[in-house]
Amino acid sequence: MKAAHFEHHEPSTVDEAVTLLDDLDDPTILAGGQSLVPTMRFRLSQPDDVVDINGIDSLDYLREDGDHLRVGALVRHADIERSALIDENYGSFADAAPLIGDPQIRNQGTVVGSVTQADPKGDWGSVLLAHDGEVVARGPDGERTIPADELFLFPYETDLRPGELVTELRVPVSGENEGSSYHKLKRKVGDYAMAAVAARVALDGETIADAGVALTGVDITNIPVPDAAEHLTGEVPSGESFKRAGELAAEASNPEGDEHGSAGYKENMVRVLTQRALADATERARGEGPAGSYGTDQLTVGD
Amino acid sequence: MTEKDVVMTVNGTERELSVEPRKLLVHAIREDLNLTGTHIGCDTGNCGACTVYKDGQAVKSCLQFAVQADGSEITTVEGMEALPEAGMGDSDLHPIQEGFKQMHGLQCGFCTPGMIMAGKALLEENDDPTDEEIRVNISGNLCRCTGYQNIVKSIQYASDVLNDREPPESPVEHEDASLETAADGGEPTTDGGETASDGGNPATDGGCSCSDGPDLTMDYPTGGEDR
């Protein structure tokens, strides 16, 4: 089916985009479009005005800057996949990127677009939560930052206000003693997660100084598991401590059973995946060299 | 609703179009440019039959609007034969196309244009991929006939050609004579003799002598052009 008629706006600066978003009546922002274009074609959304931000070159950056890793609004999933910076220090990003959609989708779809779409099965929301990240939004009243744990309200609903444009997401810089990972259970290559877990571990000597655990696809939004993070902090990494964190994550999850698995099964998977993700994150925190060289290869297809 | 002017370079030729913003890139390619080699399979972004090579990467042309392709450079399956790599193998075809032909990488052929473009994107980045890398790379392209085995072999074949290695023998026995008649628009036949002598074009000798198969003397509707 064809999309309904719309007006296509192409701002070339953030200021221009914010002015447009303020002036127009209920506009829609187009970034990668890999979810938006199909929903428009099926007329699930029929915006009169589409503000296409792909021409705003200043939003296309991926860099460490001061205290943060900053991911601009035009960074594609494939950019994350190919980034040496990500491969070196951000295991959870490196794990998640190649598990999203397929190569063509990853070439177009953006990380920020995926986060702001707030699909409870979206992968990046959990990565952002596990890293205690935030998004930066520009609106008619200026700029504000929204912490990840205040961003996701309901499926496809965020704390963003009408007229606001998310210009970047950022997470605290991953130090040498920090590691992270993302473990995703899916039925086939390119599928959404049945359940997935993002984990981050920062070590101080032998003990865990800080941790983050967040879940995909097992509640109405991506959710953090502060209980697990709290339990891990101050512990020496061990099978026992990861097991307890897994139990806490499973308790925090609230999955729905469907044709692919019962709620109990998914809860159990959360427990298992949390342990695996924590083990990988810890190995990466301790190890030297690129994060990508530690951990499970979840991309393997066939034998 | 206002139309927008879009300029894109398709298969090396600059094309100017005036399109409604809601028009998908795949519709612009198929209907406005009449390049119907790019297919629409699923209409949802799953199947990859609409894959084109845009600004150095494979994208699904049903998942973006034509206005988003303004200023871009696009290669479709029709442009493969004009690329510098074409002719490196045993034919004038691009090595990937030749691979699909030689290794029987297609049955119904519907997914093939998308597979070829996904294969091109992979080989541009890595001209000597492993089987697994090929499989990951075509994970956005569905084939309901082949079971993928021969598609992987076809792309591997192209990799062999690009790397100056001897590609494997085709598992398919085809006589060159009948293949050539097929390329001329005639019917490939199994007996070989008759087609070889008369050039295989029934239109020139007053009608089709065969009892089944399409009537090659009539004009079949091509679609697209009249819209």
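This section describes two sheets and their helices in chain A, followed by the fold of chain B, in a predicted model.

We can begin with the sheet of five strands in chain A. This sheet is open, its strands follow the order β4-β5-β10-β6-β7, and the pairing is antiparallel. Its edges are formed by β4 (62-65) and β7 (142-147) of chain A, each of which pairs on one side only. From one strand to the next, the twist averages 25 degrees.

Strand β10 of chain A, residues 165-172, is a good place to look more carefully. Of the 8 residues of β10(A), 7 are buried, so the strand is largely enclosed by the rest of the structure. On one side, β10(A) runs antiparallel to β5 (residues 68-72) of chain A, and 5 bridges join the two strands. Within this pairing, Val71(A) has Leu169(A) as its bridge partner in β10(A), while Leu69(A) is matched with Val171(A). The pairing of β10(A) with β6(A) is likewise in the antiparallel sense and is made over 5 bridges. Here the bridge partner of Ala137(A) is Val166(A), which belongs to β10(A).

A helix accompanies this sheet. Helix α1(A) lies across β6 and β10 of chain A, and its direction is at about 125 degrees to that of β10(A). Which residues of α1(A), spanning 14-23, are buried? They are Ala17(A), Val18(A) and Leu21(A). These residues are on the same side of α1(A), because the arc they cover around the axis is only 95 degrees. The elements covering them include β3 (49-52), β6 (134-139) and β10 (165-172) of chain A. On the face turned away from this buried side, α1(A) carries Asp15(A) and Asp23(A), both exposed.

The other sheet of chain A considered here is an open one of 4 strands. Its order is β11-β12-β13-β14, again with antiparallel pairing. Strands β11 (178-185) and β14 (223-224) of chain A stand at the edges; each has a single partner strand, so one side of each is left without a neighbour in the sheet. Helix α12 of chain A, residues 263-286, packs on this sheet and touches β11, β12 and β13, with its direction making about 35 degrees with that of β12(A). Between β12 (residues 195-204) and β13 (residues 207-216) of chain A, the antiparallel pairing extends over 9 bridges. One of the facing pairs places Val201(A) opposite Ala211(A) of β13(A).

Helix α12(A) also meets a second helix, α11(A), which covers residues 239-252. The axes of α11(A) and α12(A) come within 8 Å and cross at roughly 140 degrees. The two helices are therefore oblique to each other, and α11(A) passes α12(A) in a right-handed crossing. The α11(A) side of the contact includes Phe242(A), Ala245(A), Gly246(A) and Ala249(A). Among the residues that α12(A) brings to the contact are Val270(A), Arg271(A), Thr274(A) and Leu278(A).

Turning to chain B, the secondary structure comes to 7 helices and 5 strands. Read from the N terminus, the elements of chain B follow the pattern β-β-α-β-β-β-α-α-α-α-α-α. Chain B has 227 residues, 43% of which are buried. For contacts in chain B between residues at least 6 apart in sequence, 52% join residues that are at least 24 apart.

Is helix α1 of chain B, residues 25-32, largely enclosed or largely exposed? It is largely enclosed by the rest of the structure, because 6 of its 8 residues are buried. The buried residues are Leu25(B), Val26(B), His27(B), Ala28(B), Ile29(B) and Arg30(B). Their cover includes β2 (13-19) and β3 of chain B. After α1(B) comes Asn34(B), with a positive phi near 60 degrees.

Strand β3 of chain B also takes part in a hairpin. It is formed by β3(B) and β4(B), with 2 residues between the strands. In the turn, Asp55(B) has a positive phi of about 45 degrees. The strands, β3 at residues 51-54 and β4 at residues 57-60 of chain B, pair in the antiparallel sense over 4 bridges. Across this ladder, Val52(B) stands opposite Val59(B) of β4(B).

Technical notes: Residues numbered from 1 in each chain as written. Chains lettered and ligands numbered in written order. Predicted model: local features only at pLDDT ≥ 70, side-chain atom pairs only at ≥ 80, totals over all residues. Pairing = 2+ DSSP bridges. Contact = placed C-beta atoms within 7 Å. Axes fitted to C-alpha atoms, helices over the stretch in contact; angles between N-to-C directions. Buried ≥ 20, exposed ≤ 12 C-beta atoms within 10 Å, placed from the backbone. Arc of directions from axis to C-beta. Parallel < 35°, antiparallel > 145°, perpendicular 65-115°, else oblique. Left-handed = near helix turned anticlockwise from the far one by under 90°.
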